[in-house]
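These are my notebook entries on a single protein chain. I set down what I looked up, entry by entry.

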Amino acid sequence: MKNSIKNIFTILSVLTFSISFAQNIEGTITDSQKKPLGAANIVVKGSTISTITDENGKFSLDTNGKKLPLTLLVQYVGYKTTEVEITTLPIPLLEVALKEENELIEVVVSSRRRIEKVQDIPIAVSVVTGKQAEQAGAFNVNRIKELVPSVQLYSSNPRNTGINIRGLGSPYGLTNDGIDPGVGFYVDGVYYARPAATTLDFIDVERIEVLRGPQGSLFGKNTTSGAFNITTRKPSFTSGADFEVSFGNYAFLQAKASVTGALSKKIAGRLSFSGTQRDGLIDNIATGRATNTLNNQGIRGQLLYTPSENTNIILAADITTQRPDGYAQVIAGVAPTNRAAYRQFDAIIADLNYQLPSRNAFDRKIDQDTPWRSGQDMGGISLNIDTKIGGGTLTSTTAWRFWNWDPSNDRDFTGLQVLAKSQNPTRQTQITQEVRYAGQLTSTISGVAGVFFIDQTSQTDGTEESGNAQWRFSQSTTSNLWKTPGLFEGYGIKTDARIRASSAAVFGQLDWAITDRLHALPGLRYNFDKKEANYKRTTYGGLQTTDPALIALKKLVYTDQAFDSSTDDTDFSGNLTLTYKISDKINAYATYAKSYKPVGVNVAGLPTPPAGQTLSDLSVIKPEDVNHYEVGVKTSPFKNSIFNLTFFNTAIKDFQTNVQAAELGVNRGYLANADEVRVRGAELDASIVFGQHFTINAAGTYTDGKYVKFTNAPLPLEETGLVVDGKAVNYKDVSGSDLPGVSKWAGSLGGELSDNARFFGNTGKIFLGIDSYARSEFSSSPSASKYLVVPGYALFNARLGFRASQGLSVHFWGRNIFNKDYYEQLLPAGGNAGHYAAVLGDQRTYGVTLKYSL
């Protein structure tokens with residue numbers, strides 16, 4: 001990887017010598033006392049072109065070839081927004097003095113497909129700028145959740161990743177490709193269908209907008225619980241470059257670079273790179289080397305073409321690769337089950353003369369003998385066209401993307417050869433097309449309307465194979481036939497699973513200004529979804545025998561299985577929001593949304609169906625029916641502050657949930673519907689700026705998630721093998737119990753103290769920042785188990801350094817500075833023998849980051 005980083009840095013360095021052909025606007029922003037205002041926001045009105053001032057209040061704005069006249073919006077925290085009209089050439093050097101006001105002017109966002117101040121939009125949305133993410137070391141979504149506590153991300157490996165907002169979005173546990181995520185993930189308007197994208201490094205991000213609640217009338221793909229709307233930095237006709245490198249313990253090395261500039265009078269380019277590597281954090285005593293390393297590389301290129309002042313065309317391509325030795329899980333404990341004594345985990349390993357390397361997960365020791373491999377490649381190409389028509393903008397976004405997944409897992413979590421192989425390589429491709437128009441329709445009505453289409457295919461060619469210890473873990477009778485030499489060794493299944501999913505939609509939302517203060521925002525969506533799945537599982541290997549008794553034992557472990565399913569569904573959904581600006585400092589809103597998550601199909605093994613049902617009955621999952629209510633208030637109670645409060649209640653019928661079966665052949669889990677769930681709670685976002693030197697940011701959420709009715713839930717781990725009145729019990733009524741993965745309380749609190757300073761001749765700020773994140777305990781099992789409860793925890797991160805808009809910046813950082821031991825997730829081993837494993841949070845890490853900007 002180091003050679004790759006070196007080569008890419010060489011290419012990027014050459015590109016920094018591009019020539020600018022654009023007309024720049026330059027000037028200085030001050031307060032009423034002529035004191036320079038650093039980090040003021042300057043935006044070309046009606047466009048996405050923007051920049052910020054340096055520490056001396058100076059700025060240079062590339063207009064990307066826009067013709068005069070044009071208007072600049074000048075914004076700064078605690079000051080009134082000022083408009084500056086530019087009508088003549090040559091453009092004079094601007095000097096703008098802002099007047100103070102008791103209102104926090106926030107960064108602009110594009111959540112409603114236009115540039116707006118986040119405090120003015122009636123949506124619960126959190127914004128993390130690219131600079132904030134860099135300062136906090138949040139280089140992927142898993143770390144963003146520490147800044148936005150309404151977000152939950154669980155990942156036992158990139159494929160088995162679920163991202164939720166307010167506890168909803170993806171079934172908790174192992175991933176099944178046959179359902180759609182409830183949280184949309186967009187990068188520059190392109191929808192990413194696979195949640196594995198959230199485990200990859202961000203590349204040259206400008207801002208991350210996290211929208212909470214259903215967003216089906218604003219975005220192409222239907223999203224029932226929220227969306228990540230990520231915007232990357234665009235090409236500029238003004239030459240510029242950023243180079244960054246970080247070093248840390250465990251041989252951590254991260255390099256980032258970005259260069260931009262004009263290639264001709266109407267074409268500009270941008271090339272960005274990110275690479276991360278780190279040694280392992282868990283010791284494998286069987287191999288003698290650490291596992292759970294980091295090894296990520298990504299590159300993104302963009303070309304901007306401006307054929308006229310009203311049209312921008314961006315062609316973008318990216319590819320990211322991940323080659324870690326991981327993600328290994330560590331044995332966290334053993335639960336006694338209701339099975340016979342000889343079927344308890346400790347009895348099993350005693351018969352096999354085996355001992356765990358440790359029963360304390362935080363010893364961070366494993367002896368797993370099957371290699372952990374989590375290789376993935378993701379990339380694509382997109383074409384985005386923005387053209388101004390009338391009072392709005394017509395946008396077309398066309399994209400093709402792929403995802404290749406190449407894993408190897410040790411799903412028994414031990415050094416025994418129980419599962420000698422567990423790997424399900426997957427190849428996924430998608431084509432998306434979105435066309436939308438957003439803008440002012442009449443003097444009182446604005447809005448957005450669009451059409452969206454996606455077609456994706458996914459193919460999995462999997463292998464699962466037993467080892468020489470499988471007989472003892474599968475043994476369900478006292479017959480000596482289980483000990484037959486070689487009966488299960490090399491016995492496994494080959495899986496061929498294919499799915500094709502297509503979706504088309506028409507969507508739109510209006511903003512009707514009934515009065516200057518009262519607005520009504522109706523939204524509507526019509527969606528068509530079609531899914532086709534083919535699943536075939538074929539057994540192979542093991543002892544070749546004609547003995548019916550031995551064949552019967554083998555079939556207790558694996559059987560041949562095949563089913564095909566095809567389903568389609570149409571749905572109308574929509575929302576209505578009323579917003580009222582009570583005063584210049586208070587903006588209140590109320591929303592009702594009727595949403596849904598599309599029909600799903602199982603594309604993994606299924607358990608033996610109950611009497612009267614077939615595999616085909618279990619293979620199709622009903623769509624979710626969502627009713628969502630939300631009220632919120634956005635306020636600026638005093639100078640340089642915001643205080644936003646939201647209350648929400650979401651009820652879902654036919655909730656799509658993940659079920660872990662006791663049968664080994666379906667140890668990846670399968671999908672089913674819970675009758676009804678309900679999630680309600682409250683969220684707080686606050687920010688205060690004290691003078692020019694101290695800022696505080698806080699966010700908190702209370703979330704109460706319940707199964708209202710779920711009568712056929714899987715048994716908790718400790719109840720595996722339950723027998724009542726001589727009959728085996730496979731399901732349990734968990735109505736009224738907590739949803740998995742949902743902490744009742746979660747929050748973040750951070751602050752930064754800064755002051756003007758000079759460092760190696762550069763003018764900038766010296767700063768000290770501390771961030772904290774905490775969450776209460778949560779269930780880590782679809783049916784609550786007392787053994788699979790993740791205790792609550794709190795983490796603290798810190799940074800100290802110097803930053804400048806141009807030149808050299810440096811800061812020292814530490815994450816989990818108090819070295820807190822904590823679990824990210826707990827999960828049972830395949831077959832439910834009683835032992836369970838943990839996804840561990842990282843121990844204390846620290847390092848230094850150097851950045852140079854041109």
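Where in the chain is the place of Leu-263? I looked this up first in the model, which is predicted. I found Leu-263 in the loop between β18 (252–262) and β19 (267–278). Its relative accessibility is 51%, so I entered Leu-263 as exposed, the cut-off for that word being over 50%.

**Entry on the nonpolar patch**

I then looked up the surface patch to which Leu-263 belongs. Leu-263, Ile-267, Leu-303, Tyr-305, Leu-315, Ile-381, Leu-383, Trp-400 and Ile-431 form this nonpolar patch. Together they have about 770 Å² of accessible area. I noted that β22 (294–308) and β26 (373–389) each supply at least two residues of the patch.

**Entry on Arg-758**

I located Arg-758 in strand β45, which covers residues 745–759. Is Arg-758 buried or exposed? With a relative accessibility of 58%, Arg-758 counts as exposed. Leaving aside residues up to four places away in sequence, I found that Arg-758 touches Thr-763 and Phe-802. I also looked up its separation from Val-330, which is 428 residues away along the chain. The C-alpha atoms of Arg-758 and Val-330 are 48 Å apart.

**Entry on the largest cavity**

What volume does the largest cavity have? I recorded about 750 Å³. Its lining consists of 39 residues, and those nearest the centre are Asn-142, Tyr-327, Glu-824, Leu-840 and Asp-842. Several elements each supply at least two residues of the lining, among them α3 (141–144), β49 (793–803), β51 (823–828) and β52 (835–840). β22, already entered for the nonpolar patch, is also one of these elements. β11 gives the most to the lining, with three residues.

**Entry on salt bridges**

Side chains of opposite charge can pair when their charged atoms come close. I looked up the total for this model and found 37 salt bridges. Arg-212 forms one of them with Glu-683, with 2.8 Å between the closest N and O atoms. Arg-212 lies in strand β15 (residues 205–212) and Glu-683 in strand β39 (residues 670–690), so this pair ties together parts that are 471 residues apart in sequence. Both Arg-212 and Glu-683 are buried.

I next took Arg-289 and Asp-325, whose closest N and O atoms are 3.5 Å apart in a salt bridge. Arg-289 is in strand β21 (residues 289–291), whereas Asp-325 is in the loop between β23 (311–322) and β24 (330–334). The two are 36 residues apart.

A further salt bridge joins the side chains of Asp-346 and Arg-359, at 2.6 Å from N to O. Asp-346 belongs to helix α4 (residues 345–351), and Arg-359 to the loop between α4 and β25 (365–366). Asp-346 counts as partly exposed because its relative accessibility is 38%. Arg-359 is likewise partly exposed, at 45%.

Which residues do salt bridges with shared partners join into one network? They are Arg-166, Arg-212, Glu-630, Glu-683 and Asp-685.

**Entry on positive phi values**

Most residues other than glycine have a negative phi. I therefore looked up two residues with a positive value. Asp-188 has a phi near 50° and is found in the loop between β13 (183–187) and β14 (190–191). Its relative accessible area is 18%, so Asp-188 is buried. Asn-816 has a positive phi of about 50° and is in the loop between β50 (807–815) and β51. At 5% relative accessibility, I entered Asn-816 as buried.

Definitions and conventions:
Residues are numbered from 1 along each chain as its sequence is written. This is a predicted model: local features need pLDDT of at least 70, side-chain atom pairs count only at pLDDT 80 or more; totals for chains, interfaces and linings use all residues. Side-chain values use heavy atoms; hydrogens and water are left out. Patches are made of residues with over 30% relative accessible area and no salt bridge: like charges are joined within 9 Å, nonpolar side chains (Val, Leu, Ile, Met, Phe, Trp, Tyr) within 5 Å. Accessible areas come from the Shrake-Rupley method with a 1.4 Å probe; for residues, only the protein chains shown count as cover. A salt bridge is a side-chain nitrogen of Lys or Arg within 4 Å of a carboxyl oxygen of Asp or Glu. Helices (H or I, at least four residues) and strands (E, at least two) are DSSP runs, numbered from the N terminus. Buried means under 20% relative accessible area, exposed over 50%, partly exposed in between (1.4 Å probe, protein chains only). Contact means heavy atoms within 4.5 Å. On a 1 Å grid over the protein atoms alone, a cavity is a set of points where a 1.4 Å probe fits but cannot get out, and a pocket is an open set with protein on both sides within 12 Å along at least five of seven lines; lining residues have an atom within 4 Å of a point. Grid points are joined across faces, edges and corners, and a volume is the space filled by probe spheres set on the points.
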